[in-house]
Amino acid sequence: MTDRRTAEKRENLEAFKRGLPHGIPIGLGYFAVAFALGITARDIGMTPVQAFVMSAGMMASAGEYAALDLLSSGAGFFEIVMTCIIVNLRYFLMGAALTQKLPSKRRWRTVFALPYCITDEIFGVSSMVEGKLNPFFTYGVDLLSVIGWSTGIVVGMTAGNILPAWAVNALSVALFGMFLSVIIPPAKKDRFIGVLIVIAMACSLVFTEAPVLSRISSGFRIIILTIVIAGIAALIRPVDGEPSDGEEVPDAS
C-alpha cells in the first residue's frame, strides 16, 4: 500500500511538472489582460487586496469585467452573482467534459478541485492530453496562470498610470496570440479540426453581428455553438472510446 501511494505521489509530481511549462505563456497572456482590468478596478475604488482576492477566486475576464461594471453602477449582490454565473456558464460545460478524461478511480475532491482551474485556454491545453488526464497536470498549468492573472490586476492598479492608454489596450492582444498557440497545433495535425475551428469562428461572427442573435450573452453563445458544432462533428467523425484502465495509454499526463 505504501509503495503504491509513493508511486502515485511521484506520478502526480511528474504530471505537475509537465503542466508548469504550459502555464507560462498562459500566465503571461493573463498578466497582460489583467493589467488593463486592474486599471478598471482602480477607477471604481477597489483596493489592490480586494482586486487580488476577486481575481484569485474568479479567473474569468468577461465575468470580472461584468462584475466591475455592475459594482460601478451600484448593483446589488444577487444581481452581480447571477450575472457572473450566466456569463461564465460555459465553464460548467467545459468542466463536465474535462472530468470525463479523468481516470475511473478518481477521488471526489478532484472532481470539485479541477473545475476551479478551468479557463478557455487551460481547458484547451488539458483536453489535448492524450489518453487519461492526470489532474495534477492541469494543476501545474493553473498555478502559473493564477499567479499571472492575480498579480497582473494588482500591478495594473498600482502602475497603470505609467503606461499610455494605447499601450495598455495593446496588451490585450497577447491573450489572442496565446490562444492561437493552443488551437493551431491540433489544426495542423488534423484538417478536420481546422475546418471545425473555421466554422466555429464564422458562426461566432454571425452570433455577434446578427440583430437578434447578438442579444444572446457571450456565455450562452459559446455553450450553444459548442453543443451544436461538437455534436455534429461527433456524428460525422466519432472518436474511438478511451482505453480502459488496463490498457496502455500513450501519454497519461
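In this predicted model, Tyr-30 and Trp-149 are both buried. What kind of aromatic pair do the rings of Tyr-30 and Trp-149 make? Their centres sit 5.8 Å apart and their planes meet at 80°; an angle over 60 degrees counts as edge-to-face, so that is the label this pair gets. Tyr-30 belongs to helix α1, while Trp-149 belongs to helix α8, so the pair ties together parts that are 119 residues apart in sequence. A second pair is made by Phe-31 and Phe-35, and here the rings are tilted, with 6.5 Å from centre to centre and 45° between the planes. This time both partners come from helix α1, four residues apart, or about one turn of the helix. The two phenylalanines are not equally covered up: Phe-35 is buried, with a relative accessible area of 7%, whereas Phe-31 comes out at 30% relative accessibility and so counts as partly exposed. The count of aromatic pairs comes to three.

Stepping back to the whole chain, there are twelve helices and zero strands. Reading along the sequence simply gives α-α-α-α-α-α-α-α-α-α-α-α. The protein chain has 253 residues, and buried ones make up 38% of them.

Where do the nonpolar residues gather? The largest nonpolar core has 37 residues. Inside this core, the residues with the most contacts are Ala-41, Phe-137, Trp-149 and Ile-153. Trp-149, then, turns up both here and in the edge-to-face pair with Tyr-30. Which helices supply at least two residues each to this core? They are α1, α2 (48-57), α3 (61-72), α4 (77-87), α5, α7 and α8.

Helix α1 deserves a look of its own. It covers residues 2-43, and it bends by about 35° at Gly-23. A proline, Pro-25, follows within four residues of that bend. After α1 comes Gly-45, whose phi is positive, near 95°.

Helix α1 also holds Asn-12. Is Asn-12 buried or exposed? Its relative accessibility is 14%, so it counts as buried. The side chain of Asn-12 is joined to that of Asn-134 by a polar contact of 3.2 Å. Asn-134 is not in a helix here but in the loop between α7 (120-127) and α8 (135-159). With 6% relative accessibility, Asn-134 counts as buried too, because the limit for being buried is under 20%. The result is a polar contact between two side chains, one from a buried residue of helix α1 and the other from a buried residue of a loop.

Helix α5 spans residues 90-99, and its buried residues are Arg-90, Tyr-91, Met-94, Gly-95, Leu-98 and Thr-99. They cover an arc of only 160° around the axis, which puts them on the same side of α5.

What about the cysteines? A search of the whole structure for disulfides finds zero. Cys-84 has 10% relative accessibility and therefore counts as buried. Cys-203, by contrast, is at 27%, so it counts as partly exposed.

Two more spots show what the chain does in space. Phe-52 has its place in helix α2. Its relative accessibility is 37%, so Phe-52 counts as partly exposed. Phe-52 and Ile-147 are 95 residues apart along the chain, and 9.9 Å separates their C-alpha atoms. The other spot is Ser-214, found in the loop between α11 (191-209) and α12 (218-236). Ser-214 counts as partly exposed, because its relative accessibility is 31%. From C-alpha to C-alpha, Ser-214 is 9.7 Å from Ser-204, and the two serines are ten residues apart in sequence.

Note on methods
Residues numbered from 1 in each chain as written. Predicted model: local features only at pLDDT ≥ 70, side-chain atom pairs only at ≥ 80, totals over all residues. Heavy atoms only, no water. Buried < 20%, exposed > 50% of the residue type's maximum accessible area, 1.4 Å probe, protein only. Arc of directions from axis to C-beta. Polar contact = N/O pair within 3.5 Å; in protein donor to acceptor, adjacent residues only side chain to side chain. Bend = angle between axes of the 7 residues up to and from the residue. Disulfide = S-S within 2.5 Å. Core = buried A, V, L, I, M, F, W, Y, C linked by side-chain atoms within 4.5 Å. Phe/Tyr/Trp six-rings, centres within 6.5 Å; stacked < 30°, edge-to-face > 60°.
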